[in-house]
Amino acid sequence: MRNPLRYRLWYTARQKIVTSVVVAALLITSGWYGIGRLTAPEDRSCAKGVERPQGSDECIGVSGDGYDFGRPKLTEVAAAIARENDTLKPGRYATVALLLPLTSTDEAMQTKMQRELQGAFAEQYRANHLSNEQVPQIRLVLANTGKNNLLWRPAVERLKTMTGAPDNLRAVSGVATSSTQVKSAVKELTAAHIAVVGTTITADDIANGAKGDPFPGLARVSPTNRDEARALAHFGQVKKDKALLVQDTRTGDHYTDTLRAAFTSLVKGTRYQPELFTSRSDPNDEGTTANTFQQITHLICDTDAETVFFAGRHVQLRQFINALGARGCQSRAFTILTGDEGSYLGSDKKLDRGALRRKVTVRYASLAHPDAWAATRKGRATTGGSAADYRAFLDLLATVSRKPAGPIGPTDHQALTDGQVIIAHDAMTLAVQAVRQATPEGKGLPQLADVGEQWPRVKGSLRVSGASGWICLDNHGNPYNKAVPVVELAPEDASQRFVSIAWPEGTPPDEKCLLPSAAP
């Protein structure tokens with residue numbers, strides 16, 4: 001059979017030469033392409049300023065262009081931040097970064113990230129549109145530290161390069177978890193003279209104080225664990241001989257470590273040794289602590305305790321509540337008191353809500369609550385915050401939640417009950433106030449180190465009238481006698497129900513909000 005291709009490609013000497021040259025060229029080109037694909041560096045970029053570090057699939061870096069870090073809950077609010085940033089003119093703004101574990105895989109933490117961004121964006125919008133043209137304007141960027149903040153270093157290194165033009169980074173907010181990684185990040189940032197405002201860090205050892213300022217330029221808007229415990233003690237009137245402590249023995253978690261120390265001092269005089277459990281290194285890991293809690297509840301039934309102080313993270317707290325709800329001594333009532341990690345429970349689908357109807361009362365020291373200042377109309381608090389300040393926040397939230405500023409995701413009453421949107425807004429308000437107070441008259445920007453030096457003057461008439469209450473700072477950047485809403489899980493549906501405002505000092509600050517000489 002005749003092969004027509006042979007007569008076209010391989011019949012004459014000339015055809016053989018041409019065909020050989022073409023085939024050789026194709027082989028060489030294919031080889032070079034294959035070698036190039038094998039030897040070229042892998043493209044690990046996710047977005048401008050964001051990439052996947054070697055050995056990780058998480059997108060780490062800094063973005064203010066609407067990138068949502070692959071988290072759908074952040075899409076709307078990240079886009080709103082980008083729209084606002086696009087309106088700013090170069091050279092006329094200062095940048096504030098939100099340093100957060102934006103790619104966390106924990107569902108409760110993902111919701112927290114969304115609400116942190118919502119609160120910060122609300123204040124960015126107010127600062128740029130509703131503050132009588134004060135300068136500088138504020139640009140907001142998102143800095144991802146990865147799951148459990150384990151990749152904090154590349155994010156922080158990127159931020160340290162942004163203090164000059166065009167970014168003009170002047171403060172970092174967010175900083176929301178009391179962990180070793182966050183403590184290291186704060187140490188690195190403040191050593192570079194970058195002001196830091198913590199939102200929900202409550203650990204006593206991620207703070208400055210009378211014994212020294214290891215984090216110069218750090219301020220916080222949330223009470224320390226010690227102040228939360230003191231507020232609970234003033235509120236609860238706990239009988240120490242009928243109280244016991246359930247505590248996590250895992251060390252290195254600054255929230256748990258300092259909460260354990262605070263609660264230990266509160267139950268001093270109890271007849272019972274602490275009941276111990278050990279969580280996994282990742283506090284969101286369920287581990288086997290549920291089995292331990294089943295045993296602990298048997299031992300609690302053997303006591304005549306009425307109040308249980310719980311020093312641990314929210315996953316283990318949920319496991320403990322579920323176990324106590326299934327206890328043998330169903331006829332007896334128990335009250336669990338814990339720190340602000342209790343705020344995660346309202347949205348925790350694994351919580352046995354039936355436990356709350358079996359004589360288990362769960363109360364925690366919240367950082368903020370939407371009903372706290374509505375109660376002031378009933379005379380529950382005379383200073384330390386106001387209903388008017390909170391209503392102004394609600395009006396602002398309504399504005400940024402709709403077009404053209406929004407949408408930014410859910411901001412209804414239920415979305416505010418964990419306090420995260422409120423406290424993130426107040427932290428951003430403090431950062432903006434410091435940036436602007438540090439800006440010399442006639443200048444467009446403050447010097448970098450001057451921003452963190454504003455904290456000792458945030459008091460009296462220069463206090464921040466936050467939606468969570470007044471923020472009056474001591475000389476070390478810590479809130480003095482900050483309002484602590486006591487919240488309980490409603491037995492009907494585990495909704496987060498406001499109970500009362502408590503105060504670390506026992507009573508609210510006076511109307512001048514000036515610290516006494518005995519304060520640290």
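**Disulfides, a sheet and its helices**

Biologist: Which residue does a disulfide join to Cys301?

Modeller: In this predicted model, the sulfur atom of Cys301 has a bonded partner at an S to S distance of 2.0 Å. The pair links distant parts of the chain, with Cys301 in helix α9 (residues 289-301) and the partner in the loop between α10 (314-325) and β12 (334-338), 28 residues apart. The residue joined to Cys301 is Cys329.

Biologist: Is the link of Cys301 and Cys329 left-handed or right-handed?

Modeller: Cys301 and Cys329 are both buried. The angle about their S-S bond is -75°, and the link of Cys301 and Cys329 is left-handed.

Biologist: How many disulfides does a search of the whole structure find?

Modeller: One of them joins Cys301 to Cys329, another is formed by Cys46 and Cys59, and Cys472 and Cys513 form one as well. When the bonded cysteines are counted along the chain, the pattern is 1-2, 3-4, 5-6. The number of disulfides found in the whole structure is 3.

Biologist: Why is the disulfide of Cys46 and Cys59 left-handed?

Modeller: The sulfur atoms of Cys46 and Cys59 are 2.1 Å apart. Cys46 lies in strand β1 (residues 45-47) and Cys59 in the loop between β2 (50-51) and β3 (60-63), so the disulfide ties together parts that are 13 residues apart in sequence. The disulfide is left-handed because the torsion about the S-S bond is about -80°.

Biologist: Is Cys59 buried or exposed?

Modeller: A residue counts as buried when its relative accessible area is under 20%. Cys46, at 22%, is partly exposed. For Cys59 the relative accessibility is 13%, so this residue counts as buried.

Biologist: What is the torsion about the S-S bond of Cys472 and Cys513?

Modeller: The sulfur atoms of this pair are 1.6 Å apart. Cys472 sits in the loop between β15 (469-471) and β16 (484-489) and Cys513 in the segment after β17 (496-502), so that distant parts of the chain, 41 residues apart, are linked. Both cysteines are buried, and their disulfide is right-handed because the torsion about its S-S bond is about 115°.

Biologist: Which strands stand at the edges of the open sheet?

Modeller: The open sheet has 8 strands in the order β1-β2-β3-β5-β4-β6-β7-β8, with mixed pairing. An edge strand here has a single partner strand, so one side of it is left without a neighbour in the sheet. The strands at the edges are β1 and β8.

Biologist: Which residue in β7 stands opposite Ala171?

Modeller: Strand β6 (residues 169-174) runs parallel to strand β7 (residues 195-198), and 2 bridges join them. Opposite Ala171, in β7, stands Ala195.

Biologist: At about what angle does helix α4 run to β5?

Modeller: Helix α4 (residues 107-129) lies across three strands, which are β4 (93-100), β5 (137-144) and β6. The direction of helix α4 makes an angle with that of β5 of about 165°.

Biologist: Which strands does helix α5 touch?

Modeller: Helix α5 (residues 152-160) packs on the sheet, and its direction makes about 35° with that of β3. The strands touched by helix α5 are β3, β4, β5 and β6.

Biologist: At roughly what angle do the axes of α5 and helix α6 cross?

Modeller: Two packed helices are described by the angle between their axes and by the distance between the axes. The axes of α5 and α6 (residues 180-191) come within 10 Å. The contact is made by residues including Trp152 and Val156 of α5 and Ala185 and Leu189 of α6. The crossing of α5 past α6 is right-handed, and the two axes cross at roughly 20°.

Biologist: How far apart in space are Val62 and Ala185, C-alpha to C-alpha?

Modeller: Val62 is found in strand β3 and counts as buried, with a relative accessibility of 6%. Among the residues in contact with Val62, leaving aside neighbours within four places in sequence, are Val50, Val141, Ala155 and Leu159. Val62 and Ala185 are 123 residues apart in sequence, and their C-alpha to C-alpha separation in space is 15 Å.

Biologist: Which residues is Thr224 in contact with, leaving aside its neighbours within four places in sequence?

Modeller: The place of Thr224 is in the loop between β8 and α7 (225-236). Thr224 is buried, with a relative accessible area of 12%. Leaving aside neighbours within four places in sequence, the residues in contact with Thr224 are Thr202 and Asp204.

Definitions and conventions
Residues are numbered from 1 along each chain as its sequence is written. This is a predicted model: local features need pLDDT of at least 70, side-chain atom pairs count only at pLDDT 80 or more; totals for chains, interfaces and linings use all residues. Side-chain values use heavy atoms; hydrogens and water are left out. A disulfide is a pair of cysteine sulfur atoms within 2.5 Å. Helices (H or I, at least four residues) and strands (E, at least two) are DSSP runs, numbered from the N terminus. Buried means under 20% relative accessible area, exposed over 50%, partly exposed in between (1.4 Å probe, protein chains only). Two strands pair if DSSP finds at least two bridges between them. Contact means heavy atoms within 4.5 Å. Axes are lines fitted to C-alpha atoms, for helices over the stretch in contact, and angles run from 0 to 180 degrees between N-to-C directions. A crossing is left-handed if the near helix is turned anticlockwise from the far one by less than a right angle, and right-handed if clockwise.
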